[in-house]
Amino acid sequence: MYTYESSRSLFERALHSIPGGVNSPVRAFKSVGGTPVFFEKAKGAYLYDVAGQRYIDYIASWGPMILGHGYEPVTRAIQQQVEKATSFGAPTEIEVEMAELIKSMVPNVDLIRMVNSGTEACMSALRVARGYTGRNKFIKFEGCYHGHADPFLVKAGSGVATFNIQTVPGITAGAANDTLTCAYNDLAAVEKLVAGHKGEIAAIIVEPVAGNMGCILPEPGFLEGLRRICDEEQMLLIFDEVMNGFRLALGGAQERLGIDADLVTYGKVIGAGMPVGAFGGKRHIMEVVAPLGGVYQAGTLSGNPVAMTAGLTLLKALKEKPELLTELDEKTLYLKDGLDAVLKAWGQPYVINHLGSMISIHFSAQPVVNFAAAAAADNARFNRLFHALLKRGIYLPPSAFESWFLNNALTKEDLDQTIQAVKESLEEL
Ligand SMILES: Cc1ncc(COP(=O)(O)O)c(C=O)c1O
């Protein structure tokens with residue numbers, strides 16, 4: 001029987017000193033209720049909380065731990081780098097290697113700049129698009145999340161959706177006015193918006209496979225349509241590959257879905273659990289970035305040698321053994337089939353959206369193709385499922401508005417245990 005006394009007392013202590021007791025809102029369990037679990041260590045596919053209880057992990061730190069926790073080559077490389085230096089604030093060979101490696105894996109990237117988070121990557125890519133085109137407005141999709149920079153916190157997904165925050169206090173009308181929004185998968189709405197703002201829109205930013213309203217797939221023709229519209233209107237197409245990158249394929253969603261972006265942003269897997277993000281694109285666009293051009297962007301710890309070493313080691317492993325991503329996809333498909341079987345037998349409406357190693361369940365009778373459909377699902381039921389699984393040692397994202405992320409340390413036994421736990425949990429819902 002799982003107990004949460006140690007986590008509860010830590011959470012109560014945290015509430016005195018940290019807003020909501022957490023350093024990122026979704027961790028507070030506010031939408032699913034109950035006490036957030038405080039963790040102490042992790043190895044492979046397992047998390048261990050402060051009471052020593054073990055959980056099978058379906059978050060992978062929200063994506064980065066794609067080969068499992070404590071992946072030996074990464075751990076060793078970090079240890080070796082720490083012995084040499086933790087930061088210079090000056091260039092290193094590791095950064096050059098990292099940029100070269102990414103370019104060899106990812107389409108349409110001639111120049112790439114390292115930052116410290118996905119937020120910084122998206123914020124900077126938007127600035128580049130604005131600087132390059134000389135236009136201010138951009139289009140984003142309801143329920144997509146591109147980090148917490150001001151212009152993106154309009155109809156955003158992830159925690160903003162989880163907490164049902166309609167407008168974010170502190171964001172000026174000026175910052176929000178240039179953000180145009182459409183429903184995900186609604187190409188006609190994009191066309192209408194573009195026609196109404198001729199020559200004003202710098203870019204369309206999209207999560208090619210969305211993961212911040214649960215997992216939602218692009219319908220056939222949607223991303224192709226965005227590409228076409230951007231070409232016709234001289235706008236830039238920004239793929240936010242923070243979740244998709246190095247997960248859906250070595251070359252991310254661009255490769256997996258066969259669509260070219262003008263600018264791409266990365267985070268999560270790129271840092272192997274260290275704080276890393278990146279934005280990149282074609283040379284003629286990225287040349288606007290300082291010091292080549294006037295679009296200023298900088299960072300004291302950007303390209304940090306420890307973080308770069310971690311990311312470089314993980315990306316090298318993925319490149320050297322492409323079968324790792326294939327295995328991970330196969331495991332996710334196995335989980336999906338198992339979940340499908342137990343949900344079907346249960347007999348209530350559900351939708352499983354899935355691509356590669358991204359997957360989520362919505363309790364919905366309708367296809368979940370956009371944020372409105374995700375929000376209309378029975379998310380109270382998801383919350384009950386979350387807790388029923390937690391007490392069986394399965395750790396899902398604590399919100400229906402998040403994709404689950406599988407890691408390749410998961411074994412068939414872990415997946416079978418998860419499917420059995422879901423079967424038992426459904427009987428309790
Ligand atoms: C698609 C996407 N873009 C950007 C971000 C922001 O990244 P970070 O949390 O590293 O700032 C996230 C975070 O979850 C994300 O999922």
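Helix axes that meet at an angle over 145 degrees count as roughly antiparallel. In this predicted model, helix α2 (residues 72-84) and helix α11 (residues 305-320) cross at roughly 155°. That angle is over 145 degrees, so α2 and α11 are roughly antiparallel to each other. Their axes come within 9 Å. The crossing of α2 and α11 is right-handed. From α2, the contact takes P73, V74, A77, I78, Q81 and V82. From α11, it takes P305, V306, T309, A310, T313 and L314. Nine residues in the contact of α2 with α11 are nonpolar and three are polar. No charged residues take part.

A second helix pair is formed by helix α12 (residues 323-346) and helix α15 (residues 412-428). The axes of α12 and α15 lie 10 Å apart, and the packing angle is about 20°. Angles under 35 degrees count as roughly parallel, and α12 and α15 are therefore roughly parallel to each other. α12 passes α15 in a right-handed crossing. The α12 side of the contact consists of K331, Y334, L335, G338, L339, V342, L343 and W346. These residues meet K412, L415, D416, T418, I419, V422, K423 and L426 in α15. Ten residues of this contact are nonpolar, two are polar and four are charged.

The third pair joins helix α7 (residues 187-196) to helix α8 (residues 222-233). The axes of α7 and α8 come within 10 Å and cross at roughly 15°. α7 and α8 are therefore roughly parallel to each other. The crossing of α7 and α8 is right-handed. L187, V190, E191 and V194 of α7 make the contact with F222, G225, L226, R228, I229 and E233 of α8. By class, six residues in the contact of α7 with α8 are nonpolar, one is polar and three are charged.

The domains come next. The domain assignment divides the chain into domain 1 and domain 2. Domain 1 is given as 5-70 + 322-428. Domain 2 is given as 72-320. Taken over C-alpha atoms, the centres of domain 1 and domain 2 are separated by 25 Å. Domain 1 brings 39 residues to the contact, and domain 2 brings 40 residues. The size of an interface is often given as the accessible area lost when the parts come together. Between them, domain 1 and domain 2 bury about 3,000 Å². Carbon and sulfur atoms hold 65% of this area. L355, M358 and F371 stand out on the domain 1 side, supplying 20% of the area that domain 1 buries against domain 2. No other three residues supply more.

Two details of the backbone were also noted. The peptide bond from A290 to P291 is cis, with omega near 10°. P291 lies in the loop between α10 (283-286) and α11. α11 is also the partner of α2 in the right-handed crossing described above. The other detail concerns K268, whose phi is near 55°. This is a positive value in a residue other than glycine. K268 lies in the loop between β9 (263-266) and β10 (277-281).

Technical notes. Residues are numbered from 1 along each chain as its sequence is written. This is a predicted model: local features need pLDDT of at least 70, side-chain atom pairs count only at pLDDT 80 or more; totals for chains, interfaces and linings use all residues. Side-chain values use heavy atoms; hydrogens and water are left out. Axes are lines fitted to C-alpha atoms, for helices over the stretch in contact, and angles run from 0 to 180 degrees between N-to-C directions. Helices (H or I, at least four residues) and strands (E, at least two) are DSSP runs, numbered from the N terminus. Angles under 35 degrees count as roughly parallel, over 145 as roughly antiparallel, 65 to 115 as roughly perpendicular and the rest as oblique. A crossing is left-handed if the near helix is turned anticlockwise from the far one by less than a right angle, and right-handed if clockwise. Contact means heavy atoms within 4.5 Å. Ala, Val, Leu, Ile, Met, Phe, Trp, Tyr, Cys and Pro count as nonpolar, Asp, Glu, Lys and Arg as charged, and the others, Gly among them, as polar. Domain bounds come from an automatic or database domain assignment. Buried area is the accessible area (1.4 Å probe) that two parts lose on being put together, summed over both.
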